[in-house]
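Here are my notes for you on this two-chain model, point by point. Keep the structure open while you read, and find each piece as it comes up.

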Amino acid sequence: MGRKLLLEHINVPGIHTLEVYRQKGGYRSVEKALKTMTADDVVEEVKKSGLRGRGGAGFPTGMKWSFLAKPEGVPRYLVCNGDESEPGTFKDRYLMTHIPHALIEGMIVSSYALGANTSYIYVRGEMMPQIRILEKAIEEAKAAGLLGKNILGTGYDLELYVQPGGGAYICGEETALLESLEGKRGNPRIKPPFPAIAGLYGCPTVVNNVESIAAVVPIVNDGGDEYAKIGIGRSTGTKLISASGNLVKPGVYEIELGLPVEEFIYSDEYCGGIANGKRLKATVAGGSSVPILPANLTLKLANGEPRLMSYESLSEGGFATGTMLGSGGFIAFDEDQCIVRNTWNFSRFYHHESCGQCSPCREGTGWLEKILHKIEYGHGTLDDIDLLWDVQRKIEGNTICPLGDAAAWPVAAAIRHFRDEFEWHIKEPVKSQTSNYGLADYANPIEKTPEEVKSQN
Amino acid sequence: MSDLVKVTIDGITVEVEPGTTILNAARQIGGDIVPPAMCYYSKLKGSGGKCRTCIVKVSKGSEKDPRPMPKLVASCRTTVMDGMEVQNITSPEVLEARAGVVEILLINHPLDCPVCDQAGECDLQNLSYEHGLQKTRYEFERRTFDRIDIGDKIQLHMNRCILCYRCVFTADQITDKRVHGILNRGDHSEISTYIQNAVDNDFSGNVIDVCPVGALTDKTFRFKNRVWFTKPVDAHRNCNHEKCNGKVTLWYKGEDVLRVTARKDQFGEVEEFICNECRFDKKKTSDWTLEHPTHISDTSVISSNHYETFKPLPVIKENPELQAANKIELEKTTKF
């Protein structure tokens with residue numbers, strides 16, 4: 001049984017209210033931090049904990065905080081990124097719906113650590129119920145003296161606001177989020193300057209994911225060293241994984257990082273295996289933008305060792321044989337799923353959500369989608385696969401923000417690992433409309449080539 | 001001179017002020033190594049970074065931190081560091097990526113150059129001659145929009161637009177109030193006015209000059225002539241408008257002034273913005289004091305009709321046999 005830090009009390013009735021939340025030990029960290037620690041102490045604890053950003057990139061949170069510029073007389077801001085819209089990711093929504101106070105507690109402690117007196121929670125516009133829940137929770141906290149002027153008599157002031165998002169996936173990119181929060185069109189800014197120097201209204205700003213901020217609470221409560229003991233290597237702590245797809249028990253799970261992927265999929269404690277007794281064909285391990293992997297590479301590394309749910313292990317082998325932990329949106333595909341259709345679907349999403357600011361992404365995502373649509377509906381030619389590869393290569397790395405990369409990676413990975421299936425779609429245009437390519441050899445153990453064996457010895 | 005920073009672009013070292021972008025450092029060197037810029041405009045604050053045609057490779061970050069930058073960077077928005085080494089046309093990677101950007105810019109462009117007023121002075125046209133493919137690999141229907149009139153003198157042809165945002169920055173920075181902007185997102189983005197509002201401002205005509213393609217065209221010049229048949233002449237007048245200096249380029253065809261534009265520098269950027277009265281209403285030679293023919297680069301198609309002495313190519317190529325035959329013929333005729 002893995003340790004639970006964020007979802008420990010998730011099943012307690014009424015945990016969304018301040019009263020029950022405090023009974024279960026809520027807001028201890030606020031008292032501890034504000035009364036016994038300095039702001040730098042809190043930053044130091046977070047640094048020691050090794051907490052890495054839970055939004056996708058996995059950048060160490062403590063490092064991010066220490067980069068924040070602190071000029072005199074300029075306000076600093078903390079912005080919580082609740083614009084969770086990656087297909088396959090729904091952990092933040094779950095957290096905000098059921099334990100809103102965990103986020104608010106984390107916001108108070110984090111704002112204190114950064115010296116911010118105004119903080120914002122930017123929630124995706126479609127999540128109106130969650131926005132209401134958070135607003136109600138903020139009111140409760142305010143009435144209890146945990147927010148507003150002179151919190152708990154310590155002289156620290158904090159105003160917390162919830163901002164409904166602009167209704168676009170791109171507003172989850174940190175600089176686009178800041179533009180949107182300022183009331184402008186949500187176009188990503190060109191970096192540098194980074195938000196830590198000039199962010200919201202030109203002031204130093206830190207943007208963190210909902211889960212990262214909530215994870216600050218157990219770090220302050222138990223100490224950074226204690227938190228760092230959980231997990232494996234540089235992937236410390238616990239992570240919320242939103243599991244979806246053809247699983248027996250899809251849902252949000254809190255795992256200790258370092259859990260073997262096989263155990264996560266097949267153990268009854270977690271997803272309970274593939275639904276309807278089918279076999280696993282492929283997984284997307286961290287939300288739609290990370291590379292898709294066939295079953296054999298999901299469960300085992302290229303050298304035959306088991307793959308673990310951690311930042312390092314999932315990206316082992318680079319993009320050739322690895323993927324990324326990303327935001328923790330774990331999607332499983334069984335043997336009846338069509339990878340071409342799935343890739344087209346992801347591509348359709350990125351085409352729809354491209355902001356249109358820089359040319360490779362604006363025009364290229366549409367092109368990718370159209371080619372994939374053509375292949376999926378049996379009109380493709382073999383040249384189209386090479387064209388897809390070429391177009392994705394011209395998008396990747398040439399755009400202002402990571403959306404271009406996010407659009408290119410799934411396409412690249414699908415071609416890299418599932419080229420046979422693409423070719424089958426093209427060679428069997430009629431058959432591919434009614435039946436599936438099936439599992440083929442995507443779950444077979446990878447046989448090492450003699451060169452690989454030699455290089456290992 | 002210790003505060004100048006040294007930057008090497010394609011093997012040529014130049015010393016520039018700190019804070020200069022790679023693109024501007026390259027422009028100080030000049031020549032072929034200047035990256036093309038479709039969206040960057042030195043006179044407009046905040047422009048650049050969007051079209052990605054000016055991408056370059058930074059093979060050495062700086063003297064202190066010699067690591068190369070992991071990705072290609074937009075040279076118009078990346079500032080130079082001391083000891084930085086940049087590769088532009090010497091890097092095959094950059095040329096390939098740039099050709100990719102050009103291809104991507106052209107997939108939804110109508111390529112209606114034969115009927116486009118911008119042809120001949122179009123940045124996209126030049127760019128695609130240099131980097132583009134001869135045929136497209138895009139086989140789907142191109143995105144189209146309706147033509148709209150924004151203001152009585154300006155027509156917007158959205159199909160041709162590459163969304164460089166220059167006209168938006170122009171309206172923001174040199175007019176009092178911006179009434180046009182970007183609507184929608186992704187490849188449905190379009191420049192438009194708020195509920196078909198008319199752009200009505202003394203300086204609105206400048207959006208025509210900053211447009212790198214033929215998306216914003218002058219309705220008073222529309223379909224009048226091809227730019228390479230007209231002769232540009234620098235001229236000025238005493239303009240009453242406080243912000244306008246009245247320094248313009250007149251484009252003549254015979255005796256008539258067909259069009260008035262602001263003067264442009266060697267990078268195709270406007271030197272001084274002009275008011276709408278100068279641009280649209282003063283189209284008689286008597287309104288203006290002529291200065292001299294405008295200098296047009298030799299490589300521009302407009303030069304083919306320029307005032308400078310232009311030697312036509314010999315119609316009959318040199319052919320010794322033909323010449324010898326002619327000589328014999330000549331001797332025969334003189335004998336008689």
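**Notes on chains A and B**

1. Let's begin with chain B, where the C-alpha centres of domain 1 of chain B and domain 2 of chain B lie 28 Å apart. Bear in mind throughout that this is a predicted model. The domain assignment puts domain 1 of chain B at 5-102, while domain 2 of chain B is written in two pieces, 113-135 + 142-293. Where they touch, domain 1 of chain B brings 17 residues and domain 2 of chain B brings 18 residues. On the domain 1 side of that contact, α2(B) gives the largest share, 3 residues. Sort the residues of that side by character and you get 8 nonpolar, 4 polar and 5 charged.

2. Now look at the start of chain B. Strand β1 (residues 5-9) of chain B and strand β2 (residues 12-16) of chain B run antiparallel and are joined by 5 bridges. One pair to look for is B:Ile9, which stands opposite B:Ile12 in β2(B). The hairpin of these two strands has 2 residues between them, and B:Asp10 takes a positive phi near 50° there.

3. Further along chain B there is an open sheet of 4 strands in the order β13-β12-β11-β14, with antiparallel pairing. Which strands sit at the edges, pairing on one side only? They are β13 (256-262) and β14 (289-293) of chain B. From one strand to the next, the twist averages 35°. If you want to check a pairing yourself, take strand β11 (residues 231-236) of chain B: its antiparallel match with β14(B) runs over 4 bridges. Within that match, B:Ala235 is found opposite B:Leu290 of β14(B).

4. Over to chain A, where the domain assignment gives three domains: domain 1 (18-229), domain 2 (236-334) and domain 3 (339-434). Between the C-alpha centres of domain 1 of chain A and domain 2 of chain A the distance is 28 Å. Their contact takes 20 residues from domain 1 of chain A and 18 residues from domain 2 of chain A. On the domain 1 side, the elements giving two or more residues are α5 (91-98), α9 (210-222) and α10 (224-229) of chain A. Of the residues on that side, α5(A) supplies the largest share, 3 residues. By character, that side of domain 1 of chain A splits into 8 nonpolar, 7 polar and 5 charged.

5. Chain A has an open sheet too, this one with parallel pairing: 4 strands in the order β3-β2-β1-β4. Its edge strands are β3 (159-164) and β4 (205-209) of chain A, each pairing on one side only. The twist here averages 20° from one strand to the next. Strand β2 (residues 118-123) of chain A pairs with β3(A) in the parallel sense, over 6 bridges. Look for A:Ser119, whose bridge partner in β3(A) is A:Leu160. Helix α9(A) packs on this sheet, touching β1 (77-82) and β4 of chain A, and its direction makes about 90° with that of β4(A).

6. Next, a helix pair in chain A. How do we describe two packed helices? By the angle between their axes and the distance between the axes. For helix α15 (residues 339-353) of chain A and helix α18 (residues 403-427) of chain A, the axes come within 9 Å and cross at roughly 160°. An angle over 145 degrees counts as roughly antiparallel, so that is the label for α15(A) and α18(A). The crossing of α15(A) past α18(A) is left-handed. Residues in this contact include A:Phe346 and A:Tyr350 of α15(A), along with A:Phe418 and A:Phe422 of α18(A). Taken by character, the contact residues divide into 12 nonpolar, 3 polar and 1 charged.

7. Last, the place where the chains meet. How many residues does each chain give to the contact? Chain B gives 25 residues and chain A gives 24 residues. On the chain B side, the largest share, 5 residues, comes from helix α2 (residues 92-106) of chain B. You've met this helix already: α2(B) also gives the largest share of the domain 1 side in the contact between the two domains of chain B. The chain B side of the meeting with chain A divides into 13 nonpolar, 5 polar and 7 charged residues.

How values were computed:
Residues numbered from 1 in each chain as written. Chains lettered and ligands numbered in written order. Predicted model: local features only at pLDDT ≥ 70, side-chain atom pairs only at ≥ 80, totals over all residues. Domains from an automatic or database assignment. Contact = placed C-beta atoms within 7 Å. Nonpolar A, V, L, I, M, F, W, Y, C, P; charged D, E, K, R; others polar. Pairing = 2+ DSSP bridges. Axes fitted to C-alpha atoms, helices over the stretch in contact; angles between N-to-C directions. Parallel < 35°, antiparallel > 145°, perpendicular 65-115°, else oblique. Left-handed = near helix turned anticlockwise from the far one by under 90°.
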